[in-house]
Amino acid sequence: MIKKIIRISIISMACTMPWIATNALAAVTNHPSAVMSPKVIVLTAFPPEWHAWTTQKSYHYKSLSIPGLYRPLICDHQGVCVTETGEGEMNAAITVTSLVKDPAINVKKTIFIRSGIAGGVDKKESALGSVYINNWIISWAFGHHYLSDQKTLAWAAPGCDDYSITGKCADYTQNTLENLAYKVNPALLNMAVKASANVELANTSEAQQLDENFKVSSRPKIMTGATITGDDFWIGKENQKIAEQIVHLYTHGQAEYTNTAMEDLGDIAALSRFGLADHYLSIRGISDIDVPPPGKTEEQIWKTGDLYASNLAEENAVRVTKAVIDHLLHENYK
């Protein structure tokens, strides 16, 4: 364990690509005007995700105490850092804003990677332990969730006056509140997909049994898709259909809903305010399915607990994230 948290200063290095510095960090100096320029910052949400990285001794190389952070920012000798944001959009946004604004670090060239677990969908190819490198980050909560006259769960989009830039009513990515839909930088996304193409994902017999219950594939894969962010825990076919509806509307049919989590929108919305939205990746391992297995009701699942493959999902998310980081550190992309 790191017994003493210190603020460090590191000379910023030149970079040869738009989103990351390719040279190693310079030696530590006590000069107060020097700052650290992380190459990558990995964002985790809660202790199991955080500990998947902190147990690696390489991240005990440097530690920074930054106001506004729930945990310290811990870094390895290559300038790859990790922190824990806390769960939910608000905690994520506060953490990212604190990182961007802190004078001890310069994140203008940093890539932010949200890495953790997520809920998945009951689709054939989406086995537990699969990993999504997300191509869209979508809002779940904005809009109107209500009980219809037919007593079913329903949703309606927000009115244009609530969000849109004048003349941009049909474009949900052009909004004054910046919290509806974000398309991940295609160049960064494509790089991440290529970097992870040969990653071998883990699997367990327990996850395979759950896959069989849901009648989905029992072989985890690495895929792309849209993640939807909301702070409430939900389960069920009606809510899943609403998620599909939201993603289809906000992306004009460009994306498919594949997973749900609680932080990603807060991450990228905060980065967007500082012109850094193109520096963001979301990598999520599927730990559970957002509908009950056949023969079970939503209420039964809430009473007995959800079905999880969280350890497997976290392990595979870390494997993919590490492959992407390795590519960022050692390859020169244009």
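**Figure 1. Overview of the predicted chain.** A residue is termed buried when its relative accessible area is under 20%. In this predicted model, buried residues make up 53% of the 334 residues in the chain. The fold comprises nine helices and 14 strands. Among contacts with a separation of 6 or more, 76% are between residues 24 or more positions apart. The accessible surface of the chain amounts to about 15200 Å², and carbon and sulfur atoms contribute 52% of that surface.

**Figure 2. Close-up of the salt bridge between Arg 284 and Glu 263.** This pair belongs to a structure that holds eight salt bridges. The closest N and O atoms of Arg 284 and Glu 263 are 2.9 Å apart. The bridge links distant parts of the chain, with the two residues 21 residues apart. Arg 284 belongs to strand 14 (residues 280-289), whereas Glu 263 occupies the loop between strand 13 (257-261) and helix 7 (264-273). Arg 284 and Glu 263 are both buried. Side chains of opposite charge can pair when their charged atoms come close.

**Figure 3. Close-up of the salt bridge between Lys 303 and Glu 299 in helix 8.** The side chains of Lys 303 and Glu 299 form a salt bridge with an N to O distance of 3.7 Å. This distance counts as a salt bridge because the criterion is a nitrogen within 4 Å of a carboxyl oxygen. Helix 8 spans residues 298-304. Because Lys 303 and Glu 299 are four residues apart in this helix, about one helical turn separates them. Lys 303 has a relative accessibility of 67%, so the residue counts as exposed.

**Figure 4. Close-up of the salt bridge between Arg 319 and Glu 315 in helix 9.** The closest N and O atoms of Arg 319 and Glu 315 are 2.6 Å apart. Both residues lie in helix 9 (residues 310-330), where a spacing of four residues corresponds to about one turn of the helix. Arg 319 is partly exposed, at 32% relative accessibility. Glu 315 is likewise partly exposed, with a relative accessible area of 35%. Elsewhere in the chain, Glu 263, Asp 264 and Arg 284 are joined into one network by salt bridges that share partners.

**Figure 5. Close-up of the largest nonpolar core and the surroundings of Val 324.** The largest nonpolar core contains 52 residues. Leu 73, Leu 99, Ile 113 and Val 324 have the most contacts inside this core. Helix 9 supplies the largest share of the core, with six residues. When neighbours within four places in sequence are left aside, Val 324 is in contact with Ile 113, Met 191, Ala 192, Ala 195, Leu 281 and Ile 283. A second, separate core of 20 residues includes Trp 140, Phe 142, Ala 181 and Trp 234. In soluble globular proteins, nonpolar side chains tend to be buried together.

**Figure 6. Close-up of the disulfide between Cys 75 and Cys 81.** The chain has two disulfides, and their pattern is 1-2, 3-4 when bonded cysteines are counted along the chain. In the bond between Cys 75 and Cys 81, the S to S distance is 2.1 Å. The torsion about this S-S bond is about 105 degrees, so the disulfide is right-handed. Cys 75 and Cys 81 are both buried.

**Figure 7. Close-up of the disulfide between Cys 160 and Cys 169.** The sulfur atoms of Cys 160 and Cys 169 are placed 1.6 Å apart in the model. Cys 160 counts as partly exposed, at 24% relative accessibility. Cys 169 is also partly exposed, with a relative accessible area of 37%.

**Figure 8. Close-up of the aromatic pair formed by Trp 155 and Tyr 250.** A search of the whole structure yields four aromatic pairs. Trp 155 and Tyr 250 form one that is edge-to-face, with 5.9 Å from centre to centre and 75 degrees between the planes. This pair links distant parts of the chain, namely Trp 155 in strand 10 (residues 153-156) and Tyr 250 in helix 6 (residues 237-250), 95 residues apart. Trp 155 and Tyr 250 are both buried. Ring pairs link Trp 155, Tyr 172 and Tyr 250 into a cluster.

Definitions and conventions. Residues are numbered from 1 along each chain as its sequence is written. This is a predicted model: local features need pLDDT of at least 70, side-chain atom pairs count only at pLDDT 80 or more; totals for chains, interfaces and linings use all residues. Side-chain values use heavy atoms; hydrogens and water are left out. Buried means under 20% relative accessible area, exposed over 50%, partly exposed in between (1.4 Å probe, protein chains only). Contact means heavy atoms within 4.5 Å. Accessible areas come from the Shrake-Rupley method with a 1.4 Å probe; for residues, only the protein chains shown count as cover. A nonpolar core is a set of buried Ala, Val, Leu, Ile, Met, Phe, Trp, Tyr and Cys residues joined through side-chain atoms within 4.5 Å. A disulfide is a pair of cysteine sulfur atoms within 2.5 Å. Rings of Phe, Tyr and Trp (its six-membered ring) pair if their centres lie within 6.5 Å; planes under 30 degrees apart count as stacked, over 60 as edge-to-face and the rest as tilted.
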